[in-house]
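Please examine the sequence and the structure shown below before attempting the exercises. Each exercise consists of a task and a worked solution.

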Amino acid sequence: MLWAVAVSKLPTNTKAKLLKKHYSPACFWTLLNIAKRYKMLLILEWMKKQGSAESIFCEIELDKTISLEKKEDTFHEWNRQNTVL
């Protein structure tokens, strides 16, 4: 469903609303790829604000200003908190 919305000829703001509506945490990587491919900054910012476990990956992927050590520390912290994954 997300890719159908992404490739449609709808205006960008309508696409953003529909992508948010049909988003689920299981579709995190799909939506991240869509947002990066079509340069949908609103979706990327919205994903960064989400409170899901995958949001740490979004922060690491999108926040290019932090150092590699900070990224690794953030990842290890998240990994300690989520041992089942």
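The exercises that follow concern a predicted model.

**Exercise 1. The overall fold**

Task: Determine how many helices and strands the protein chain has, and describe its surface and burial.

Solution.
- Step 1. The protein chain holds six helices and zero strands. Its pattern along the sequence is therefore written α-α-α-α-α-α.
- Step 2. The chain has 85 residues, and 28% of them are buried.
- Step 3. The accessible surface amounts to about 5900 Å², and carbon and sulfur atoms account for 56% of that surface.
- Step 4. Consider the contacts between residues at least 6 apart in sequence: 40% of these join residues at least 24 apart.

**Exercise 2. The largest nonpolar core**

Task: Identify which residues have the most contacts inside the largest nonpolar core, and which helix gives the most to this core.

Solution.
- Step 1. The largest nonpolar core comprises 16 residues, and the most contacts inside it belong to Leu19, Leu31, Ile34, Met40, Ile43 and Met47.
- Step 2. At least two residues of this core come from each of α1, α2 (12-21), α3 (28-37) and α4 (41-49). Helix α3 gives the most, namely five residues.
- Step 3. Leu19 serves as an example. With neighbours within four places in sequence left aside, Leu19 contacts Leu2, Val5, Leu31, Ile34, Met40 and Ile43.
- Step 4. Met47 is a second example, located in helix α4. Met47 counts as buried because its relative accessibility is 2%, and the cut-off for buried is under 20%. The C-alpha atom of Met47 is 8.4 Å from that of Phe28, although 19 residues separate the two along the chain.
- Step 5. A general remark applies here: in soluble globular proteins, nonpolar side chains tend to be buried together.

**Exercise 3. A buried lysine and a core methionine**

Task: Establish whether Lys15 is buried or exposed, and describe the surroundings of Lys15 and Met40.

Solution.
- Step 1. Lys15 belongs to helix α2. Lys15 is buried and has no salt bridge. Glu45 is the nearest side chain of opposite charge, at 18 Å, whereas a salt bridge requires the charged atoms to be within 4 Å.
- Step 2. Apart from neighbours within four places in sequence, Lys15 is in contact with Val5, Ala6, Ser8, Leu10 and Met40.
- Step 3. Met40 is situated in the loop between α3 and α4. Met40 counts as buried because its relative accessibility is 6%.
- Step 4. Not counting residues up to four places away in sequence, Met40 touches Thr12, Lys15, Ala16, Leu19, Ile34 and Ala35.
- Step 5. Met40 and Lys15 are 25 residues apart in sequence, and their C-alpha atoms are 9.5 Å apart in space.

**Exercise 4. Residues at the surface**

Task: Classify Lys39 and Trp3 by their relative accessibility, and state which residues form a nonpolar patch with Trp3.

Solution.
- Step 1. Lys39 is placed in the loop between α3 and α4. Lys39 counts as exposed because its relative accessibility is 72%, and the cut-off for exposed is over 50%.
- Step 2. The phi angle of Lys39 is near 50 degrees, which is a positive value in a residue other than glycine.
- Step 3. Trp3 lies in helix α1, which covers residues 2-7. Trp3 counts as partly exposed because its relative accessibility is 34%.
- Step 4. Together with Val7 and Tyr38, Trp3 forms a nonpolar patch on the surface. The combined accessible area of these residues is about 290 Å².

Terms used. Residues numbered from 1 in each chain as written. Predicted model: local features only at pLDDT ≥ 70, side-chain atom pairs only at ≥ 80, totals over all residues. Heavy atoms only, no water. Patch = residues over 30% accessible without salt bridge, like charges linked within 9 Å, V, L, I, M, F, W, Y side chains within 5 Å. Areas by Shrake-Rupley, 256 points an atom, 1.4 Å probe, with all protein chains shown as cover. Helix = DSSP H or I, 4+ residues; strand = E, 2+ residues; numbered from the N terminus. Buried < 20%, exposed > 50% of the residue type's maximum accessible area, 1.4 Å probe, protein only. Core = buried A, V, L, I, M, F, W, Y, C linked by side-chain atoms within 4.5 Å. Contact = heavy atoms within 4.5 Å. Lys, Arg positive; Asp, Glu negative; His and termini not counted.
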